[in-house]
Amino acid sequence: MALLPGCKPAVAPQAPPPATVTVSQPVQRDVVRWDKYSGYLSSPKTVIVGARVSGLIEQAPFQEGAIVHAGDLLFKIDPRPFQADLDNKKAAVAQAMATAVKAKADFGRSVELIRAQVIAPSDFDTTKASYGEAAASLDAAEAALETSRLNLEWTDVRAPITGRVSRMNVTVGNLVNGGSGQATTLTTIVSIDPLYCYINVPESAALLYQEQALKEQKGNVAGANIACSLQLENETNFPHQGMIDFVDNQVDVNTGTQQIRCVINNPTTILTPGLFALTRIPASGRYQAILIPDAAVNADQDERYLLIVGANDVVQQRPVKLGALFGTLRSITDGLKSGERVVVNGMQFARPGAKVIPHEVAVSTQSLDGIAAAPPITPTPPNTQTAFKSESRPSSKVRQ
């Protein structure tokens, strides 16, 4: 039967060659863990510029939307009626002063006459009363003069603060009303350097910041000089630096959040009140972390693990504990040592216990720029409903 044609000996199947995977060694860097929130910018000072006297607008020598300084002339109301009233009050003061001088002289003579018993006491009382009346009339005239002087001064409507001015609500040639309760609003001014950024933080974060303040032997967060930085919707790497200067006095029981305020320098005036901004606050001091690409972390139900290429290029499954995320790199707090090879690509071919062909590449640290190498925790103090740990800038839906 062995000589029958068509019969061949059985061939044993060959094992597949080891899979090629990409591995990287973890990097060690000094990092700072940040909490991220969305907030909104607000002006420390907002002034509604109104007319203090009634009259006709003659001039409005300012550019709408420009930066004005305290004392700059914004509007000029026709001063001629107020100048005439001032001249009238000056004449009234001169008249009252002449009357007072005469009454004083009469009173001085009556004092000598009453001592010599030349005049009756009733005449002396009359002279004394006339002197007192003349002195009171002079005081009233001088007060009226001061009022007229103020009214003439108020015909020049000047900027009370330095900031950005809004549009003209009243143009040249219109009559405006002045006085309490009926003053015409002419424009508004908001201060823009520095600016406030209001954010609401969870109570757990507020307690953490308070703990940091106590470690620095400060009574509260506002006195601990905790840094903050922010970026607008079209910016990256949080270029605007500031510090926390205010913490609200209570926690909102409905949301479990506490409002804090960052004060941000704005010398370029690029920041505008009302803008939404992504803000970050350090949740830790600087510490050294072991970092790997976040894509290398695998999950098995509630367990996180890495694939490690060990001795003889055999794959091992290693459970680990995860730390904070820094860009595209994840910190590992337990389960990984420096120098070990972690599978970062080709994980579908790397089965635990199997042999692989490792191809080693260095971990890219480009995503750490502006995150781990962040500015100092304590910055130079400025001149004067949020999403917790949001990794993205506020969307248009959030803004609405």
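**Exercise 1: Pairing in a sheet**

Find out in which sense strand β5 and β10 pair in this predicted model, and over how many bridges.

*Solution.*
Step 1. Go to β5, which covers residues 55–59; its pairing with β10 is antiparallel and runs over 2 bridges.
Step 2. Pick out one bridge: L56 has L175 of β10 as its partner.
Step 3. Now widen the view to the whole sheet. It is open and has 4 strands, ordered β8-β7-β5-β10, with antiparallel pairing.
Step 4. Look at the ends of that order. β8 (156–158) and β10 (175–176) are the edge strands, and each has a single partner, so one side of each lacks a neighbour in the sheet.
As background, strands of a sheet pair through backbone hydrogen bonds, in either a parallel or an antiparallel way.

**Exercise 2: A salt bridge within that sheet**

Work out which parts of the chain the salt bridge between K76 and D156 ties together.

*Solution.*
Step 1. Check the contact itself: the side chains of K76 and D156 form a salt bridge at 2.7 Å, N to O.
Step 2. Place both residues. K76 belongs to strand β7 (residues 73–77) and D156 to strand β8, so the bridge links parts 80 residues apart in sequence.
Step 3. Ask how open D156 is to its surroundings: with a relative accessible area of 23%, D156 is partly exposed.

**Exercise 3: Two more salt bridges**

Compare the surroundings of the partners in two further pairs: is each of R80, D78, R115 and E112 buried, partly exposed or exposed?

*Solution.*
Step 1. Start with R80 and D78, whose side chains meet in a salt bridge of 3.0 Å, N to O. R80 is exposed at 61% relative accessible area, whereas D78 is buried at 10%.
Step 2. Turn to R115 and E112, where the N to O distance of the salt bridge is 3.8 Å. These two residues sit 3 residues apart in helix α1, about one helical turn from each other. This fits a general rule: an α-helix has 3.6 residues a turn, so residues three or four places apart point the same way.
Step 3. Read off the accessibility of this pair: R115 is exposed at 64%, and E112 is partly exposed at 49%.
Step 4. Look for shared partners. K76, D156 and R158 are joined into one network by salt bridges that have partners in common.
Step 5. Finish with the total: the model has 12 salt bridges.

**Exercise 4: The buried face of α3**

Explain why the buried residues of α3 line one face of the helix.

*Solution.*
Step 1. Take the helix as a whole. α3 (residues 203–215) has 13 residues and reaches 18 Å from first to last C-alpha, close to the expected 18 Å.
Step 2. List its buried residues: A205, A206, Y209, Q212 and A213.
Step 3. View the helix down its axis. The buried residues of α3 fall within an arc of 115°, so they line one face.
Step 4. Turn to the face that points away from the buried side; there you meet the exposed residues L207, L214 and K215.
Step 5. Identify what the buried residues of α3 pack against: β3 (34–42), β12 (195–202), β15 (257–264) and β16 (276–282).

**Exercise 5: Following helix α2**

Determine which elements the buried residues of α2 pack against.

*Solution.*
Step 1. Trace the helix: α2 (residues 121–153) has 33 residues and spans 48 Å from its first C-alpha to its last, close to the 48 Å expected.
Step 2. Note its buried residues, including F124, L138, L145 and L152.
Step 3. Find their neighbours: the buried residues of α2 pack against α1 and β8.
Step 4. Add a distance across the chain. A84, a residue of helix α1 (residues 80–115), has its C-alpha 9.5 Å from that of L152, although 68 residues separate them along the chain. A84 is partly exposed, at 46% relative accessibility.

**Exercise 6: Two cysteines**

Explain why C197 and C262 form no bond.

*Solution.*
Step 1. Recall what the bond is: a disulfide joins the sulfur atoms of two cysteines covalently.
Step 2. Apply the cut-off, which asks for sulfur atoms within 2.5 Å.
Step 3. Compare: the cysteine sulfur closest to that of C197 is in C262, 5.7 Å away, which is too far for a bond.
Step 4. Check burial: C197 is buried at 0% relative accessibility, and C262 is buried at 0% too.
Step 5. State the count for the model: 0 disulfides.

Technical notes
Residues numbered from 1 in each chain as written. Predicted model: local features only at pLDDT ≥ 70, side-chain atom pairs only at ≥ 80, totals over all residues. Heavy atoms only, no water. Pairing = 2+ DSSP bridges. Buried < 20%, exposed > 50% of the residue type's maximum accessible area, 1.4 Å probe, protein only. Expected span 1.5 Å × (residues − 1). Arc of directions from axis to C-beta. Contact = heavy atoms within 4.5 Å. Salt bridge = Lys/Arg side-chain N within 4 Å of Asp/Glu carboxyl O.
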